[in-house]
Amino acid sequence: MTEQEIFEKLKEVLKQIKPRMDTGAVTMDSSLTTDLGMDSLAMLLISFACEDKFKIRFEPKVQFRTVKDVVEYISKEHD
């Protein structure tokens, strides 16, 4: 799976968690907290949804700042 494919699927996950989100405005450089308004609960829900969608497990203390951080982590774990 390419990083672009992961990015598109991640946007689907984001839309599930925040249905009013304009995923067309989401970029790889979007900050999860500042730009997308994700709080700790939303981040937890995203983690669970990504683990299910991508069949991966996140490390316990992994932290992401941007969409790109998440995409790169999934790409690495998905190989």
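A search of the whole structure, which is a predicted model, finds 3 aromatic pairs. Two of them are described here, and both involve Phe58.

**The ring cluster**

Phe58 and Phe64 meet edge-to-face. Their ring centres are 5.5 Å apart, with 70° between the planes. Phe58 also pairs with Tyr73, and this pair is stacked. Here the centres are 5.2 Å apart and the planes differ by 25°.

What do these ring pairs build when Phe58, Phe64 and Tyr73 are taken together? They link the three residues into a cluster.

Which parts of the chain does the pair of Phe58 and Tyr73 tie together? Phe58 lies in the loop between α2 and α3, whereas Tyr73 belongs to helix α3. The pair therefore joins parts that are 15 residues apart in sequence.

Are the cluster residues buried or exposed? Each of them counts as buried because its relative accessibility is under the 20% cut-off. The table gives the values, with Lys55 added from the exposed side.

| Residue | Relative accessibility | Class |
|---|---|---|
| Phe58 | 13% | buried |
| Phe64 | 17% | buried |
| Tyr73 | 8% | buried |
| Lys55 | 67% | exposed |

**Lys55 in the loop**

Lys55 sits in the loop between α2 (40-54) and α3 (67-78). Phe58 is found in this loop too. Lys55 counts as exposed because its relative accessibility, 67%, is over the 50% cut-off.

The backbone of Lys55 also deserves a look. Its phi is positive, at about 55°, although Lys55 is not a glycine. Most residues other than glycine have a negative phi.

**The largest pocket**

How much space lies in the largest pocket? The volume is about 300 Å³. The lining is made up of 18 residues. Nearest the centre of the pocket lie Met43, Leu44, Ser47, Val62 and Phe64. Phe64 thus appears in two settings: it lines this pocket, and it is part of the ring cluster.

Which element gives the most to the lining? That is α2, with 8 residues. Helix α1 (3-17) takes part as well, since α1 and α2 each supply at least two lining residues.

By class, the lining holds 13 nonpolar residues. The others are 3 polar and 2 charged residues.

**In brief**

Phe58, Phe64 and Tyr73 form a cluster through ring pairs. Lys55 is exposed and lies in the loop between α2 and α3. The largest pocket draws on α2 for 8 of its lining residues.

Key: Residues are numbered from 1 along each chain as its sequence is written. This is a predicted model: local features need pLDDT of at least 70, side-chain atom pairs count only at pLDDT 80 or more; totals for chains, interfaces and linings use all residues. Side-chain values use heavy atoms; hydrogens and water are left out. Helices (H or I, at least four residues) and strands (E, at least two) are DSSP runs, numbered from the N terminus. Buried means under 20% relative accessible area, exposed over 50%, partly exposed in between (1.4 Å probe, protein chains only). On a 1 Å grid over the protein atoms alone, a cavity is a set of points where a 1.4 Å probe fits but cannot get out, and a pocket is an open set with protein on both sides within 12 Å along at least five of seven lines; lining residues have an atom within 4 Å of a point. Grid points are joined across faces, edges and corners, and a volume is the space filled by probe spheres set on the points. Ala, Val, Leu, Ile, Met, Phe, Trp, Tyr, Cys and Pro count as nonpolar, Asp, Glu, Lys and Arg as charged, and the others, Gly among them, as polar. Rings of Phe, Tyr and Trp (its six-membered ring) pair if their centres lie within 6.5 Å; planes under 30 degrees apart count as stacked, over 60 as edge-to-face and the rest as tilted.
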